[in-house]
Amino acid sequence: MPGLNWFLALLSAALLILIQPGPDLTFIAPFALAPLLIACAREPRGGRRFLIGWTAGIVYWWGVCYWIQFVLEFHGGMGTFGSWGAFVLFCLAKAIHLGVFALVAGWLMGSSFAVVAVAALWIGIERTHGPFGFAWLALGNAGADMGLPMGLAPLVGVYGLSFVFAMTAAAVALVVLRRPRRELTWVVLLAGLWLLPALPGPARGTDSAVLVQPNLDEEAEWNPLSADVMQKRLVTSSMQSAMDPSHRRARLIVWPETPGPIYYYRDPAFQRYATDLARVTGSFFLFGTVAYTEQDRPLNSAVFLKPDGELVGRYDKMFLVPFGEFVPPLFSWVNRITKEAGDFTAGERVVVFPMQDHGAGAFICYESAFPHLVRRFPLAGADVLVNISNDGYFGRSAARWQHLKLVRMRAAENRRWVLRATNDGITANIDPAGRVVETLPTNREQALRTDYGYVKETTFYTRYGDWFAWSCLAASLALALYRARLTRAG
C-alpha cells in the first residue's frame, strides 16, 4: 500500500501544524512525528522517502507560516500572484529539511538504536534552519507550558524538549511496527526528566517598567506634522504611566520597534523629546530607531538613554528578517516590505546596556527565533532581557502568538525576565520560567506598567550554548552511515 506512506507523512504534517499557536493542541507534540517515522520505516527507497518527507514539509510550512503570503501581498506590494509565487518557493525550499530528515531517518529506523538516533537526527536538522536562511518554531516550543520537559530548557535549550518529543514519537512508531521490546529500552532515559531541578516559582518583581504599545498603522503615510504629533503623544502617555503615583517609580521605559518615523540620530526634535522623557521621569529609556552606518546604510537599532537623558549606547540588529529587511539572493526579484531605501545592514556585536548595578540586553523582533544569539546577552552580563518588536505586519494571524512563544522559550533558557514591547501586540512581561505574567490587549494604544526582576546567575545553556544540538547532528549522521554500511554489507 504505497499510498499509505504518503497519508502517514501528511498526517504528521497536520499534527505538527496543530501543536503550534492557533490550534495550540500541544498535547499531540510527543506523537506528531510518529506517522512520518512509520512511513520512513516502511519505505525502502531513499528517493521516495525524501519525496514524502519533502511533501510533508511543504504542507507543514504552508500551514504554520501562511501569514507570509499576506505580508508579501499587503506590505510588500507584490500583488496576489507575486506573493503566492514567492510563498510557494519559500515552502518548497524550507521543506528540504524535512525531506532530508525522512531520507536519513529511514536508515536509522531499521537499527536497534532507532529511538535515540532518530531523535538526535531531528534535533541536528532543527539546528540547521537558521544557518540556511530562516528559523521559526522548533518542535520543542510546544512544551512551553509543560513543567516537566521545560526543565531541560536552561540545560540544552529548546532542542532538549524537541529531543524528548522526537524520542517519544520514535518509540511510538516502533510499537506500531511491532519491533522487539529491547529496542524500546532507550525510553528509560526519559526518567531523567524527574531528576531535573524544578522550574523557579512565580516571583514578585523588584523594579517597575513601562512597556509602551503605540498601535501605529503599518501603512500610514507620515509627514512632519503627523510624525511630530505621534511622537508627542507617545511621550505624554509614557510620562503619565511612568509617573503614576499609585506605582513605584518606573526604572525603565521601553518603546517598541515601530513602523513610524523614529529617527533619533537625524531628527533633533525627537532627540529632544527622548531626552526630556528620560529626564522628567528619571527612568532609563530604551526605544527602537533607524540608525545609519558610516556608508549611510540603514540599521534597525535599539537606543538606550540614562535617566539624565545622556546616550548610553546602541545595539544594531544582527539577524535580519528575510524579505522584511533584506532580500535573499535567490529571491532578488521580491519587493522589500520596509520603506527604507535599500537593504538594512546587519549589526556586528552584542551590546549590554548598564543600568547602575544591572545590565539590560535588547534583542529585536525576529532575533527571538535564534537561541544561540539571545544567550549571548546574559553571557555578556545582561541580568534582564528586553525584546522590542513590530508584529503588526502579521495582521490578525497566529504569527504574533507564535512569536510570543519563541520569546517565552528564550526567557526559560536563560532564566531571565523578558520585557516585551510591541507596536500593536503582543506586549508582555515574561518571568524567568517562561510564564507570561502580564499582557496588553492587541490592536490598542496602551502602556503596560509592570514589575520585573533581575537574575545574575547564568544557566548551563547560556554558558555552553548549542553543543547538544550540534553533537546530535554529528552523532546521528555517523550512526546513519554506520547503519547504511551494515545494510550494504548484509
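The paragraphs below lead through the enclosed spaces, helices, salt bridges and a few single residues of this structure. The model is a predicted one, and every value given here was computed from it.

A good place to begin is the interior. Rolling a probe the size of a water molecule over the atoms shows where empty space is left. In this structure there is one cavity of 30 Å³ or more, and the space in the largest cavity comes to about 400 Å³. Its lining is made up of 33 residues, and those closest to the centre are Trp61, Glu126, His129, Leu137 and Ala138. Several elements give two or more residues to this lining, namely α3 (46-64), α6 (96-108), α7 (114-127), α9 (158-176), α12 (371-374) and α14 (399-414). Of these, α7 gives the most, with four residues. Sorted by chemical character, the lining of the largest cavity contains 22 nonpolar residues, seven polar ones and four charged ones.

One of the elements that line this cavity, α6, can be followed in more detail. This helix has 13 residues, and the distance from its first C-alpha to its last is 19 Å, which is close to the 18 Å expected at 1.5 Å a residue. The buried residues of α6 are His97, Leu98, Gly99, Phe101, Ala102, Val104, Ala105, Gly106 and Leu108.

Helix α11 (residues 268-281) may be read in the same manner. It has 14 residues and reaches 20 Å from its first C-alpha to its last, close to the 20 Å expected at 1.5 Å a residue. In α11 the buried residues are Ala269, Phe270, Tyr273, Ala274, Thr275, Leu277, Ala278 and Thr281. These buried residues pack against one helix and three strands: α10 (224-242) on the one hand, and β2 (252-254), β3 (284-292) and β4 (298-305) on the other.

From the cavity we turn to an open space, the second largest pocket, which holds about 290 Å³. Lining this pocket are 14 residues, and Leu299, Arg314, Asp316, Gly347 and Glu348 are the ones that lie nearest its centre. Strand β5 (residues 311-316) supplies the largest share of the lining, three residues. By character, the lining of the second largest pocket divides into four nonpolar, four polar and six charged residues.

Charged side chains also pair with one another, and across the whole structure 17 salt bridges are found. What separates the partners in the pair formed by Glu43 and Arg45? The closest N and O atoms of these two residues are 2.9 Å apart. The two ends of this bridge have unlike surroundings, because Glu43, at 5% relative accessibility, counts as buried, while Arg45 is partly exposed, with a relative accessible area of 44%. In another bridge, the side chains of Arg179 and Glu183 meet at 3.0 Å, N to O, and Glu183 is buried, with a relative accessible area of 8%.

A further salt bridge joins the side chains of Asp383 and Lys456, at 2.8 Å from N to O. Asp383 belongs to the loop between α13 (376-379) and β8 (384-389), and Lys456 to the loop between β12 (446-452) and α15 (460-464), so this pair ties together parts that are 73 residues apart in sequence. Is each partner buried or exposed? Asp383 is buried, with a relative accessible area of 1%, whereas Lys456 is exposed, with a relative accessible area of 53%.

Two single residues complete the walk. Arg483 sits in helix α16 (residues 467-489) and is partly exposed, with a relative accessible area of 25%. Leaving aside residues up to four places away in sequence, Arg483 touches Trp107, Gly110 and Ser111. Between the C-alpha atoms of Arg483 and Pro131, which are 352 residues apart along the chain, the separation is 27 Å.

The other residue, Val321, is found in the loop between β5 and β6 (352-355). This residue is partly exposed, with a relative accessible area of 23%. The C-alpha atom of Val321 is separated by 6.4 Å from that of Tyr366, although the two residues are 45 residues apart along the chain.

Terms used
Residues numbered from 1 in each chain as written. Predicted model: local features only at pLDDT ≥ 70, side-chain atom pairs only at ≥ 80, totals over all residues. Heavy atoms only, no water. 1 Å grid on protein atoms, 1.4 Å probe; cavity = no way out; pocket = protein on both sides within 12 Å on 5 of 7 lines; lining within 4 Å. Points joined across faces, edges and corners; volume = space filled by probe spheres on them. Nonpolar A, V, L, I, M, F, W, Y, C, P; charged D, E, K, R; others polar. Salt bridge = Lys/Arg side-chain N within 4 Å of Asp/Glu carboxyl O. Buried < 20%, exposed > 50% of the residue type's maximum accessible area, 1.4 Å probe, protein only. Contact = heavy atoms within 4.5 Å. Expected span 1.5 Å × (residues − 1).
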